[in-house]
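Q: Please give me a close look at the strand architecture of this structure. I want pairing, edges and side-chain directions, followed by the helix packing and loop residues that help me read the rest.

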Amino acid sequence: MTSAASPSTFNDLGLIPELQARLTDLEYSQPTPIQAKAIPSVLAGSDLIAGANTGSGKTATFALPMLQTLFLEQSTKKAASKGNFVTGLILVPTRELATQVADSVKSYSANFNGAIKTVAVFGGVSVNTQMQALRGGADIIVATPGRLLDLISSNAIKLDKVKTLVLDEADRMLSLGFTEELAELLALMPAKKQTMLFSATFPEQVKQLTQELLTNPVEIQVQSKGESTLVQRVFTVNKGEKTTVLAHLIKQHQWRQALIFVNAKKDCEHLVSKLEKRGVNAQVFHGDKGQSERTRVIEKFKAGEIEVLIATDIAARGLDIAKLPVVINFNLPRSPADYMHRIGRSGRAGEVGLALSLIDYEDFHHFRIIEKKNKLRLEREEVAGFTVNQANHDAADALKNDKPMAKPEGTGKKKKKKANQEDDVWSGWRKSK
Ligand code: AMP
């Protein structure tokens, strides 16, 4: 994979004035590395494979060239009549991502006076509304695979004329078991098309997809801009004290918003009521909630109307919450990859972010695995006023022969931080800001 090119201007990338003006309105001052590197090749028709996370600016990377090509084809009347055919197809793993990506595509095409129609289709909501939205066809569809297949089988949409296919979060899609649905969808599309594949990691299944789907692709590997601006901290907490510590941190730091991860739906509800007893209001976000409730909660959280959100891993991927100040792992995720996805909700698009993990002695071993898999080594800290007990020290001693792999991130020297030491890491996101 080649490294990312240095940023240029959107004009240099060959984007048409309508799109450039829109990007100026959105205050995108310059392309992100992935945009700078990929957009010219994608405009020229190349396939693309990108190792990129959300936060790197990847949505615009595929959406802008897609929109430009479609818009120019429409103006020169090259575009086929829509009927129930779609030209641009973006496949995503989750409902929230479908809405988010479709909203971005619509926003980027705001200067096209309605010439390009984008529709999001995903499960969990009425199929009729989506069928209505698809009436008269759509230029771009952003879809989760299952619902798209439903709509195809009821003849609401046809894939025979797909010219551009985007597989977003391909690793996630395959880990969620979409393999068969993807194969079914691919069989319905023309073999000759432009394909772009985005994946944070490249497990065997993704590599196989790459070989089957892409022709001489441009290959790009980028770090999410957010990753370098995200400070990670880990706090040792006595067993049974996590909720008290969490409530204390929330009250003390007055974060504008905090996204807190637990591992199970029932843990969400449980934690909300325990926080309430400690004077902290929170809401939940998990897979047992109906889709309209999920959408409502995310919207309120994004708007800052909900300050504390307790979520399962359905919130770990893809969600773009602008300037989310802090993500907290109340429970550690089982998979080290999910740790990275969770913390990636903060510190996005170059913003400063903070990721905290609360661990007790039962978590020590697992957290060490998370660190190793993600090539991290974080200093264990204590929360001021919550001295850790002997059980934690004993567990730490048991692991002491396991040498650090790198210096703790965001701390510089190896010097141990005092329990009551405050630093800039906490500030900057208070509600008053
Ligand atoms: P994405 O990786 O597509 O999820 O984008 C992450 C965030 O970065 C979104 O909020 C985008 O609106 C924003 N973004 C994308 N490209 C740029 C850019 N060139 N300049 C500033 N913000 C951007």
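A: The answer below starts with one sheet, then moves to other strands, a helix pair and a few single residues.

The model is predicted. Start with the open sheet. Seven strands make it up, and their order is β10-β11-β9-β12-β13-β8-β14. The pairing is parallel. Two strands stand at the edges: β10, residues 283–285, and β14, residues 380–382. Each has a single partner strand, so one side of each is left without a neighbour in the sheet. On average, neighbouring strands here are turned by 30° against each other, with direction ignored.

Now zoom in on the β10 edge. Strand β11 covers residues 308–311 and is joined to β10 by three bridges. The two run parallel. One residue pair helps to find the register: F285 has A311 of β11 as its bridge partner. A helix also belongs in this view. Helix α11, residues 265–277, lies across β10 and β11. Its direction is at about 150° to β11.

Next, look at strand β4, residues 140–143. In a regular strand, side chains alternate between the two faces of the sheet. In β4, I140 and V142 point one way. I141 and A143 point the other way. All four are buried.

Two strands pair with β4. Strand β2, residues 88–91, is joined to β4 by four bridges and runs parallel to it. In that pairing, L89 stands opposite I141. Strand β3, residues 118–121, also pairs with β4 in the parallel sense, again over four bridges. Here V121 stands opposite A143. The path from β3 to β4 includes helix α5, residues 127–134. Together, β3, α5 and β4 make a right-handed β-α-β unit.

Turn to the helix pair. Helix α2 spans residues 33–43, and helix α3 spans residues 58–75. Their axes come within 9 Å and cross at roughly 25°. The two helices are therefore roughly parallel to each other. Their crossing is right-handed. On the α2 side, the contact is made by I34, Q35, A38, I39, V42 and L43. On the α3 side, the residues are K58, A60, T61, L64, P65 and Q68.

Strand β1, residues 48–51, holds G51. This glycine has 20 C-beta neighbours inside 10 Å and therefore counts as buried. G51 also has a link across the sequence. E219 is 168 residues away from G51 along the chain, yet their C-alpha atoms are 8.2 Å apart in space.

Finally, two loop asparagines deserve a check of the backbone. N155 sits in the loop between α6 (145–153) and β5 (164–167). Its phi is near 65°, a positive value in a residue other than glycine. N155 has 9 C-beta neighbours inside 10 Å, so N155 counts as exposed. N216 lies in the loop between α9 (204–213) and β7 (218–221). N216 has a positive phi as well, about 40°, although it is not a glycine. With 7 other C-beta atoms within 10 Å, N216 is exposed.

Note on methods
Residues are numbered from 1 along each chain as its sequence is written. This is a predicted model: local features need pLDDT of at least 70, side-chain atom pairs count only at pLDDT 80 or more; totals for chains, interfaces and linings use all residues. Two strands pair if DSSP finds at least two bridges between them. Axes are lines fitted to C-alpha atoms, for helices over the stretch in contact, and angles run from 0 to 180 degrees between N-to-C directions. Two residues are in contact if their C-beta atoms, placed from the backbone, lie within 7 Å. A residue is buried if 20 or more other C-beta atoms lie within 10 Å of its own, exposed if 12 or fewer, and partly exposed in between; C-beta atoms are placed from the backbone. A crossover is right-handed if, with the strands pointing away from the viewer, the path from the first strand over the helix to the second runs clockwise. Angles under 35 degrees count as roughly parallel, over 145 as roughly antiparallel, 65 to 115 as roughly perpendicular and the rest as oblique. A crossing is left-handed if the near helix is turned anticlockwise from the far one by less than a right angle, and right-handed if clockwise.
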